[in-house]
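Here are a few exercises to work through with the model open in your viewer. Try each task before you read its solution.

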Amino acid sequence: MTDAVITGVGVVSPFGIGFGPLLDGLAEGRSAVGPIRSFDVTSFPVKFAGEVPVEKPTADWLASRLGEFDADGCRAKGWQADGALRDRKVAFGLVAAAEAWRSAGCGTAERDATLAISLGLEQAFVEDFTALFVDGAVDWKLDAAAPLPRVRYRSRVDLCSSCLVDLLDLRGPVVVHVSACASGALAVAHAAQLVERGEADIVLCGAADSLLNPMGIGGFWRLGAPSPRHAPDACRPFDLRRDGLVVGEGSAMFVIESRERARARGMRPLASVLGQGSTQDAHRTTAPRPDGSAAARAIARALDRARISPGELGYINAHGTGTPLNDPAEARAIRAVLGADADRVPVSSIKGAVGHLMAASGAIEIAASLLAFERGILPGTAHHRERDPECDIRVIGETPLPAEVDVVLSTSFGFGGQNAAVVLGRV
Amino acid sequence: MTQGLPIVGAAGIGPFGLDYRGMARRLGGDARHSRSAPPIPPEADVGDRRSRRLMSRSAHLCAVTLHRLLDETGWRGGLDELGFFLGVGESTCGADDLFPMFRESLEGERFSLERFGARGLTASPPLVVFQLLNNFTLCHGAILEGIGGPNGVYYSSAGTVTALAQAAHAIAEGQCRRAVAGAADHGLSPICLAELARNGFTADGLEASEGSGLLALAAEAQEPIARLERCKLLSTRGRGLASAAETALESLGTVDAIVIAPWGRGAREGLLQATSRRHRNLEVVDLTSALGDALAATPALGWLAAIDLLTERDVARAVVLSAGIDGQLGVVALGRGAAA
């Protein structure tokens, strides 16, 4: 079976635009969570988030970031006119993909690449629905005459991927993963599988998501998932005082190809994708399985596929949402698979620093895991000060940990019970 | 791609009814069916009132279909390791649940963000969020039945073909011994119909419908109802649908029946052009012409029609060609099983 390696990375995160700012922020132990600025949240019950520092992605902003891929800015202007840029994740996915494609040295020779991308839900444009109301009732016949852009009421789930195909003139198949918070990891895992099986020479993969809009923030609040506190340290993974998650947004994209192909192109691989596993909790719609047994099976399956024993693991980048229910279940899953090695293997979650990127969380956490290989540093767990005894694992605190490790594991657990684990190796 | 993977069961709900058997016969000629699936009778329904309240229409169709499939296969043990891979569509939820949120946000005739945050958010039931999350189309069924194996949810008709391919690979690579693959989608929500009309698809001949179709795949079986011989997703960008479909048919060799599941008039013409060039004398079953387009579920309903052809007629090999809005071509070849 062919080795699948990562040769390009692109990131848009609350730390800024680019893979470098993400690694810098994590290596310095900073947090990018702050007050929401992209829309007025005065009357909203959620006021803090891991927000990409761009108030509104405009055509000019996007064109400047896409560079040679949209030299005259025509595509960006067209997307803005259509209304596609109203959905923040569209611009984030395009910018991250352009960086990944560029950093992997890809060009027209790679345009047959497959695209495996994870995208969150459609963004609902709540203000658009006003045009449909007459005397308090909805009349869909008014839609035809509504003075709104073509993309209205909601964006299409695959809007970002269709823009991306146009931008890079990709000629390969496109797969859009929609497995909630597990889907970013599953998209990367899928990309590696396609290369390993010989079904694709090269795959552009990753994820983009943003819930930083009225319906997104509001809907998640209705689920009771966000921390009720309006503070930069609202998300405290594995901490005794944790009380919920912080919503984040952004994108992480990767180029994955065979080791032989990368070598032939003279590309330096950043990591190899060694294995992956997925399971379903099959428990409840509203809560993870408390004993973590299904999550443990996903981890065990990924390690088994990677032919890695728990003793060889050097670091775990955990899902670590900072919610009361997730963190102890995840700690039990890790303990169940690692046994005594759980006392040794360092674990951290970056969600305190960047928030929960939802469909993109698995992808950005794989990017964050590369800090171990690129700089010999394991990310810290922002705002983690006192470990909950229910989370009986070795949690890295707020300060990043210098370490030389060869194998890392990234876990992602989706709302609804979908679990994913990906094992990465130093090349 | 796995060659000849046994298919040991199939189930579907759609405009054709609650049972796919006999479907191909009913689709022949100029047959046109209602665009809605029939009501689910209480004895066939799943979950309790609360769990159904959390489901979107797509999730409900999927959960009922899944239950029937597990009954048919007798798969009631070891579901912890059963794979489940599904194609799904856009989020849907009942307008009665969603619109109070917007109505409460109006200040006169204008939308007020301040009112949305202060009053709109609490005007709709929190349960609406569970309907909106499209991965729950899989999760509700998995939770009700206790399915815990490898899984994935993929978007749109291309995602449905991917789901089948991933299920086959999961078995071939030893991630699981058995898997369920298919799709469920509901294209009849007001917002979906408005979007299809606005983007010109309705004028291009597309009639939305709804449905759910699932296959049960196993590493080994004594008497499979069919065999999955090939499953491939192809981009048609840069070469056109007709050319891509023709090349795909050429690579398949002998074919006895073809089911096409095109999205709109242009895709129909492309697929018919390819089939007439490669297999001039074969009968072509046009699924979406008869049943409407069940969006993500359409390819899966096509597989059911093909299995029906394999089991009820003198057909040894059937091919399903699906073409979605995103310009991707799904090619699924099914062979006769021992039970046929």
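**Exercise 1. Find where Ala282(A) sits and what is odd about its backbone.**

Step 1: Ala282(A) lies in the loop between strand S11 (271–280) and helix H9 (293–306) of chain A; helices (H or I, at least four residues) and strands (E, at least two) are DSSP runs, numbered from the N terminus.
Step 2: its phi is near 50°, a positive value in a residue other than glycine.
Step 3: Ala282(A) is buried, with a relative accessible area of 12%. Here buried means under 20% relative accessible area, exposed over 50% and partly exposed in between (1.4 Å probe, protein chains only).

Before going on, some housekeeping: this is a predicted model, where local features need pLDDT of at least 70 and side-chain atom pairs count only at pLDDT 80 or more, while totals for chains, interfaces and linings use all residues. Residues are numbered from 1 along each chain as its sequence is written, chains are lettered from A and ligands numbered from 1 in the order in which they are written, and side-chain values use heavy atoms, leaving out hydrogens and water.

**Exercise 2. Do the backbone check on Asp135(A): is this residue buried or exposed?**

Step 1: Asp135(A) has a positive phi of about 50° although it is not a glycine.
Step 2: you'll find it in the loop between strand S6 (133–134) and strand S7 (137–138) of chain A.
Step 3: with 80% relative accessibility, Asp135(A) counts as exposed.

**Exercise 3. Describe the interface of chain B and chain A.**

Step 1: count the residues in contact (heavy atoms within 4.5 Å). Chain B gives 68 residues and chain A gives 64.
Step 2: get the area. The two chains bury about 5800 Å² between them, 59% of it on carbon and sulfur atoms; buried area is the accessible area (1.4 Å probe) that two parts lose on being put together, summed over both.
Step 3: look for the top contributors. Tyr155(B), Arg198(B) and Arg237(B) supply 12% of the area that chain B buries against chain A, more than any other three residues.
Step 4: count the salt bridges (a side-chain nitrogen of Lys or Arg within 4 Å of a carboxyl oxygen of Asp or Glu). There are eight between chain B and chain A.
Step 5: pick one out. Arg301(A) pairs with Glu81(B), the closest N and O atoms being 2.5 Å apart.

**Exercise 4. Zoom in on helix H9 of chain B: which chain A residues do Glu195(B) and Arg198(B) meet?**

Step 1: Glu195(B) is in helix H9 (residues 190–198) of chain B and, at 14% relative accessibility, counts as buried.
Step 2: leaving aside residues up to four places away in sequence, Glu195(B) touches Arg152(A) and Arg154(A).
Step 3: Arg198(B) forms a salt bridge with Asp143(A), with 3.3 Å between the closest N and O atoms.
Step 4: Arg198(B) is in helix H9 of chain B and Asp143(A) in the loop between S7 and helix H5 (159–168) of chain A, so the pair joins two chains.
Step 5: Arg198(B) is partly exposed at 22% relative accessibility, whereas Asp143(A) is buried at 4%.

**Exercise 5. Work out what the salt bridge between Arg313(B) and Glu283(B) ties together.**

Step 1: the closest N and O atoms of Arg313(B) and Glu283(B) are 2.9 Å apart.
Step 2: Arg313(B) lies in the loop between helix H13 (298–312) and strand S11 (317–323) of chain B, and Glu283(B) in the loop between helix H11 (264–278) and strand S10 (284–286) of chain B, so the pair ties together parts that are 30 residues apart in sequence.
Step 3: Arg313(B) is partly exposed at 32%, and Glu283(B) is partly exposed at 41%.
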